[in-house]
Amino acid sequence: MGLLLTAALIAAVTIPELRSELAGEGTEGTVTVSSCDAHTRTHYGTHRRSTELRFSCAGNWTAQRGESSYRNIEVDTSSRFEAGSKIPVVQVNDSFEQPRDRDPVDDAAILSLCLALLSAGAFCLLTGFGSRNGPTLATSWQRLPSPSVTGPVLAGLFALGVLAALVCAVAL
């Protein structure tokens with residue numbers, strides 16, 4: 001049940017963001033940069049440490065069609081911009097981000113993993129696998145209702161979810 005709830009929660013958070021990115025929602029405009037500050041974030045892995053350099057640029061934002069403007073907004077960027085530079089920025093709700101940061105591939109990978117979680121959760125609920133003193137995987141597989149149909153469907157959905165997530169994360 002936990003797998004199903006986790007998948008539903010993650011999907012409920014991810015789907016609106018993915019919809020927004022695919023629909024191209026947001027107001028396009030430009031930021032006239034007044035300053036940029038550098039920030040580093042250290043990532044610790046099992047065998048190595050890596051440091052990511054990010055920049056936070058501040059400036060005034062103006063919509064392309066002249067609808068509105070904001071003063072002193074901040075945008076996270078991957079490179080430093082000189083004062084007076086104009087960079088394209090999209091306003092979505094109350095946040096500002098660069099168009100290339102609105103990549104729907106990451107959200108698609110997350111939703112693909114949700115598909116795998118849903119199929120694993122359905123398998124556990126149907127067979128009792130994963131419960132305390134529950135059956136083994138082989139026994140659970142035999143306990144599936146209509147095992148010649150349900151087994152391949154659940155295994156196929158799980159494999160599809162994992163493979164789609166890998167393709168989205170690695171290849172795209």
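**An open antiparallel sheet and a nonpolar helix patch**

In this predicted model, five strands are assembled into an open sheet in the order β3-β2-β1-β4-β5, with antiparallel pairing. The edges of the sheet are occupied by β3 and β5 (95-97), each of which has a single partner strand, so one side of each is left without a neighbour in the sheet. From one strand to the next, the twist averages 40°. Strands of a sheet pair through backbone hydrogen bonds, in either a parallel or an antiparallel arrangement.

Two of the strand pairings can be described in residue detail. Strand β1, which spans residues 27-44, runs antiparallel to strand β4, residues 86-92, and the two are joined by six bridges; within this pairing, T32 has K86 of β4 as its bridge partner. Strand β2, comprising residues 49-63, pairs with strand β3, residues 69-77, in the antiparallel sense over seven bridges, and here C57 is matched with V75 of β3 as its bridge partner. The hairpin of β2 and β3 has five residues between the strands, and in this hairpin G66 adopts a positive phi near 75°.

Apart from the strands, the model contains helix α4, which covers residues 147-171 and includes L160. The residue L160 also contributes, together with V149, V153 and L157, to a nonpolar surface patch of about 340 Å².

Technical notes: Residues numbered from 1 in each chain as written. Predicted model: local features only at pLDDT ≥ 70, side-chain atom pairs only at ≥ 80, totals over all residues. Heavy atoms only, no water. Patch = residues over 30% accessible without salt bridge, like charges linked within 9 Å, V, L, I, M, F, W, Y side chains within 5 Å. Areas by Shrake-Rupley, 256 points an atom, 1.4 Å probe, with all protein chains shown as cover. Salt bridge = Lys/Arg side-chain N within 4 Å of Asp/Glu carboxyl O. Helix = DSSP H or I, 4+ residues; strand = E, 2+ residues; numbered from the N terminus. Pairing = 2+ DSSP bridges. Axes fitted to C-alpha atoms, helices over the stretch in contact; angles between N-to-C directions.
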